2 protein chains.
Amino acid sequence: MTWLDLLPGTAFGVANLPFGIFSRAGGRPAPPEGRAGVAIGDSVLDVAAVADDLRLPLAQMFAEPVLNRFLAAGPATWREARERLTDWLTSPAHRAAVEPHLIPLNEVRLHLPFAVADYVDFFVSRNHAENVGRIFRPGQPPLSRNWLHMPVGYHGRAGSVVLSGTPVTRPDGQRWEPGEDGPTFGPSRRLDFEAEVGFVVGVPSRHGQPVPVAAFEEHVFGACLVNDWSARDIQAFETVPLGPFLGKAFSTSVSPWVVPLDALRAARFAPPPRDPAPLPYLLDGAEPWGLDLHLTVRINGCPVSEPPFATMYWTPAQMLAHLTSGGAPLRTGDLYASGTVSGTERAQLGCLLELTRNGTEPLDLPDGTRRAFLDDGDEVVISATAPGPDGELISLGEVRGRVIPRA
Amino acid sequence: MTWLDLLPGTAFGVANLPFGIFSRAGGRPAPPEGRAGVAIGDSVLDVAAVADDLRLPLAQMFAEPVLNRFLAAGPATWREARERLTDWLTSPAHRAAVEPHLIPLNEVRLHLPFAVADYVDFFVSRNHAENVGRIFRPGQPPLSRNWLHMPVGYHGRAGSVVLSGTPVTRPDGQRWEPGEDGPTFGPSRRLDFEAEVGFVVGVPSRHGQPVPVAAFEEHVFGACLVNDWSARDIQAFETVPLGPFLGKAFSTSVSPWVVPLDALRAARFAPPPRDPAPLPYLLDGAEPWGLDLHLTVRINGCPVSEPPFATMYWTPAQMLAHLTSGGAPLRTGDLYASGTVSGTERAQLGCLLELTRNGTEPLDLPDGTRRAFLDDGDEVVISATAPGPDGELISLGEVRGRVIPRA
């Protein structure tokens with residue numbers, strides 16, 4: 001298929017072609033800031049450089065330090081870029097022009113791929129919602145009365161979204177634990193990860209104009225991985241009545257590569273049956289689809305969970321339709337995440353809150369240590385793959401972060 | 001004081017000097033997009049034009065279509081600009097240079113004054129919190145258990161922030177009212193305004209580095225008025241467990257003029273006593289201050305309320321310290337609002353939810369009509385004044401919006 005010498009099972013084959021932003025530390029014609037790259041094998045392709053050599057009009061939008069201009073250009077441009085890239089990487093005629101612009105991944109620095117406009121976090125894993133409901137609202141029905149009728153969500157802090165690899169400072173905050181006389185302020189004692197999948201909006205929508213389920217692919221460019229770090233003690237004390245705020249606002253990590261929806265066609269997967277039937281604005285037509293993404297969570301290299309994204313109750317298109325149903329506008333760079341992905345099995349739970357039942361059943365790691373919640377120094381890596389065409393695997397890469405104490 | 005012929009009682013005297021963004025529809029050297037202006041009397045001063053004529057380095061940052069670059073420049077630049085402006089408008093020697101750049105307000109178009117980064121809405125009026133608690137959580141203590149310990153808040157949708165005067169489309173959404181079999185989707189039946197004061201962040205902070213109460217004036221440039229439009233029926237159904245989302249995300253209106261903190265020195269006002277004492281990170285030093293702002297709310301020209309901002313429990317500096325206490329970074333253009341301002345009297349309540357006790361006691365307007373909530377066509381105007389130096393009034397101008405049905 002390709003003239004590149006890719007290792008079998010490579011994360012980034014020619015059917016993937018995820019976009020990111022990279023820079024080189026120095027050397028030859030090094031861009032001073034980031035520019036767009038596409039991951040292929042163990043390399044990143046300098047898209048602007050190739051397009052420039054070939055005198056393509058695409059060159060300029062890829063020579064920018066964020067993907068936003070490309071994202072805003074819409075599906076026809078996304079498709080054109082993907083077709084060109086596929087051609088460059090498969091047709092031997094292009095090898096001479098393209099090969100000089102392949103840079104080993106270990107020689108580049110990756111950057112946050114897009115300027116985040118608004119960040120929304122949903123809560124669409126039924127297993128997660130039920131597990132959390134049992135922990136935070138014991139004695140009440142595990143699902144809130146709205147949950148089966150809408151993709152429940154809230155706005156997070158866009159300014160706290162950071163690239164994979166950025167250290168995560170354990171936040172200070174107020175917590176009032178059972179048995180204590182009153183609230184205290186200090187470093188979170190129940191720091192957690194949340195394994196999530198995010199969707200990146202390219203094409204804006206007009207204020208006051210809902211985006212129906214059927215228009216999803218006209219607006220959303222692709223998917224990435226998200227770790228929505230959570231301080232459970234801070235969250236528990238602050239959350240009534242206005243929802244999560246500082247317990248979730250200190251850091252949200254995203255993976256460096258945004259995988260185009262086009263690369264995830266073979267991963268489309270029927271969502272679970274919905275009962276009761278969704279209201280008409282959430283009806284998702286003849287062939288609704290979620291995505292069959294297999295997530296893996298590792299703490300310090302030890303696998304702790306394999307959350308199955310295919311179990312999510314609401315689809316990405318339904319989340320977007322709900323988000324805009326009141327007329328809220330989309331902007332290029334809007335990011336919305338699924339909420340924690342949890343399956344039915346213990347080994348499929350997407351956060352420590354569930355894995356350890358709020359710390360009451362600590363987790364034994366294969367390295368011989370135990371965790372109720374995250375320790376300083378712990379590194380959490382969330383990765384994901386999806387079925388691609390012809391049995392190939394499509395990787396979403398990984399989102400990585402290490403917890404550090406406040407200086 | 002000034003060589004301008006200002007009317008007595010003008011909203012924008014020389015002690016105010018609020019910043020905004022304006023453009024001219026056409027004519028002489030018309031900027032194609034917005035640029036910075038300062039409101040003075042019935043005019044807007046083209047700051048960049050004067051600075052350019054006087055060959056001041058300030059010129060460039062004022063010739064931009066948003067205030068962000070000026071906001072990011074920090075307190076020394078804010079002070080320098082204010083001193084220059086005061087000098088220009090009071091010293092007869094500058095009259096000839098300045099006067100040609102005064103443009104009547106009715107000949108300009110105003111724009112959103114800054115690009116909004118993150119938008120946070122607090123909930124720091126004790127009267128409002130207690131009234132809302134009684135309505136939404138009957139039978140429980142009116143204040144949630146965290147309320148007296150922290151300024152409770154949540155993230156709103158930055159992309160939905162619009163300039164005063166922008167029509168507000170009544171949102172569709174899900175609501176499940178008592179006595180109904182299940183949720184329905186349609187136009188909100190309980191549309192409300194919320195009279196609030198907003199604070200505009202100029203200088204960013206580092207991720208992971210809290211901004212203490214004492215550093216407030218190093219980061220915050222000034223204040224504006226905010227109408228945080230709310231669909232009470234949508235809000236009521238969605239809000240458990242993750243807080244307000246689409247019931248608040250369809251539109252948030254802000255006033256066109258940002259009043260510098262320096263113009264509000266005479267309006268500083270001791271906050272109410274706090275009991276229990278705030279935790280150390282919220283202790284506000286020897287001379288804590290709120291602001292003695294007098295808000296007025298009008299529906300279709302009829303005064304309906306005069307909310308007193310001086311009654312707010314937490315100060316602007318405490319809100320900022322709390323927001324950043326876990327390390328969340330500030331960015332230029334961050335906007336945080338106080339939440340609804342409500343006093344103890346019925347004529348001081350800042351939203352219809354409280355004024356009509358959730359619609360059960362409709363409000364008789366002086367024009368002979370009644371309102372439980374807002375009708376299509378209703379125009380809400382929130383204005384505010386504060387005491388200035390030497391008995392002058394400082395005006396925050398107004399935030400205006402008319403409700404329109406969805407097309």
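This is a short tour of some salt bridges and of the largest cavity in a predicted model.

**Stop 1: a bridge across the sequence**

Begin in chain A by selecting A:Asp118 and A:Arg331. Their side chains form a salt bridge, with 3.0 Å from N to O. Colour by sequence position and follow the backbone out from each partner: A:Asp118 sits in the loop between β5 (108–111) and β6 (119–122), while A:Arg331 sits in the loop between α10 (316–324) and β22 (335–337), so the salt bridge ties together parts that are 213 residues apart in sequence. Now switch on the surface. A:Asp118 is buried, at 3% relative accessible area, whereas A:Arg331 is partly exposed, at 26%.

**Stop 2: a buried pair and its network**

Next, select A:Arg232 and A:Asp192. Here the salt bridge spans 2.9 Å, again given from N to O. Distant parts of the chain are linked by this pair: A:Arg232 belongs to helix α8 (residues 232–238) and A:Asp192 to strand β12 (residues 191–192), 40 residues apart. Are these two partners buried or exposed? Both A:Arg232 and A:Asp192 are buried.

Keep that pair selected and add A:Glu194, A:Asp228 and A:Lys248. Together with A:Asp192 and A:Arg232, they make up a network of salt bridges.

**Stop 3: over to chain B**

Move to chain B and pick B:Arg69 and B:Glu64. Their side chains meet in a salt bridge with an N to O distance of 2.6 Å. Show the surface once more: B:Arg69 is partly exposed, with 40% relative accessibility, and B:Glu64 is also partly exposed, with 21%. If you would like to keep exploring pairs of this kind, the whole structure holds 54 salt bridges over all chains.

**Stop 4: the largest cavity**

For the last stop, turn from side-chain pairs to empty space. The model has 5 cavities of 30 Å³ or more, and the largest of them encloses about 60 Å³.

To find the largest cavity, select its lining. From chain A, take A:Pro171, A:Asp172, A:Gly173, A:Gln174, A:Ile234, A:Glu238 and A:Leu246; from chain B, add B:Met150, B:Tyr281, B:His322, B:Ser325 and B:Gly326. Which elements give two or more residues to this lining? They are β10 (172–175) and α8 of chain A. Strand β10 of chain A provides the largest share, 3 residues. Helix α8 is also the home of A:Arg232 from the second stop.

Finally, colour the lining by residue type: it divides into 5 nonpolar, 5 polar and 2 charged residues.

Notes:
Residues numbered from 1 in each chain as written. Chains lettered and ligands numbered in written order. Predicted model: local features only at pLDDT ≥ 70, side-chain atom pairs only at ≥ 80, totals over all residues. Heavy atoms only, no water. Salt bridge = Lys/Arg side-chain N within 4 Å of Asp/Glu carboxyl O. Helix = DSSP H or I, 4+ residues; strand = E, 2+ residues; numbered from the N terminus. Buried < 20%, exposed > 50% of the residue type's maximum accessible area, 1.4 Å probe, protein only. 1 Å grid on protein atoms, 1.4 Å probe; cavity = no way out; pocket = protein on both sides within 12 Å on 5 of 7 lines; lining within 4 Å. Points joined across faces, edges and corners; volume = space filled by probe spheres on them. Nonpolar A, V, L, I, M, F, W, Y, C, P; charged D, E, K, R; others polar.
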